[in-house]
Amino acid sequence: MTADDNLDSGLPIRLLHDRVLVRLEGSEGERRSTAGIVIPATAAVGKRLAWATAVGVGPHVRSIVSGDRVLFDPDDRSEVELHGRGYVLLRERDVHAVAAERVEAESTGSTGLYL
């Protein structure tokens, strides 16, 4: 990804260093379990990670590209508003995982193991 890709994606900024700009998926309020049960936002849960979609990455980010779904700790975040829309700014090291769809596509035909 080049520095101009952020401008092509409609972002009015150019991210620097190892920064990743993400858009949260869904709302931070109530959520629904896989069985369809509504869990209110006030329900006490342990530390819960959140999914978001990367919309821009800095030039030194190695493992994430725009469009990836990433898993991060919502307590360690900086929020920013661009064109009236809320985003979260992270460092690449604050991202715990990238969704498996892209990871599996890259490793097709190779296990990555050397025996």
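## Leu24 and the strands around β4

Leu24 stands opposite Ala52 in β4. Strands here are DSSP runs of E covering at least two residues, numbered from the N terminus. This is a predicted model, where local features need pLDDT of at least 70, side-chain atom pairs count only at pLDDT 80 or more, and totals for chains, interfaces and linings use all residues. Residues are numbered from 1 along each chain as its sequence is written, and side-chain values use heavy atoms, with hydrogens and water left out.

Strand β1 (residues 19-24) pairs with β4 in the antiparallel sense over five bridges; two strands count as paired if DSSP finds at least two bridges between them. β4 also pairs with β5, again antiparallel, over four bridges. There, Ala50 has Phe72 in β5 as its bridge partner. Strand β4 (residues 50-57) is mostly covered, with seven of its eight residues buried. Buried means under 20% relative accessible area, with exposed being over 50% and partly exposed in between (1.4 Å probe, protein chains only).

## The whole sheet

Which order do the six strands take? They form an open sheet in the order β6-β7-β1-β4-β5-β8, with antiparallel pairing. β6 and β8 (95-98) stand at the edges with a single partner strand each, so one side of each is left without a neighbour in the sheet. From one strand to the next, the twist averages 45° (axes are lines fitted to C-alpha atoms, and angles run from 0 to 180 degrees between N-to-C directions).

Over at the β6 edge, five bridges join β6 to strand β7 (residues 85-91), and the two run antiparallel. Glu79 stands opposite Val88 in β7.

## Val22, in β1

Val22 is found in strand β1. Is Val22 buried or exposed? Val22 is buried, with a relative accessible area of 0%. Its C-alpha atom is separated by 4.3 Å from that of Ala54, although the two are 32 residues apart along the chain.

Not counting residues up to four places away in sequence, Val22 touches a list of residues including Ala52, Val70, Phe72, Tyr87 and Val88. A contact means heavy atoms within 4.5 Å.

## Asp73, in a loop

Asp73 lies in the loop between β5 (69-72) and β6 (78-82). Asp73 is buried, at a relative accessible area of 5%.

What does Asp73 contact? Leaving aside neighbours within four places in sequence, the partners are Lys47, Leu49, Asp94 and His96. Closer along the chain, a polar atom of the Asp73 side chain lies 3.0 Å from the backbone nitrogen of Asp75.

Notes
A polar contact is a pair of N or O atoms within 3.5 Å; within protein, one must be able to donate a hydrogen and the other to accept it, and residues adjacent in sequence count only if both atoms are side-chain atoms.
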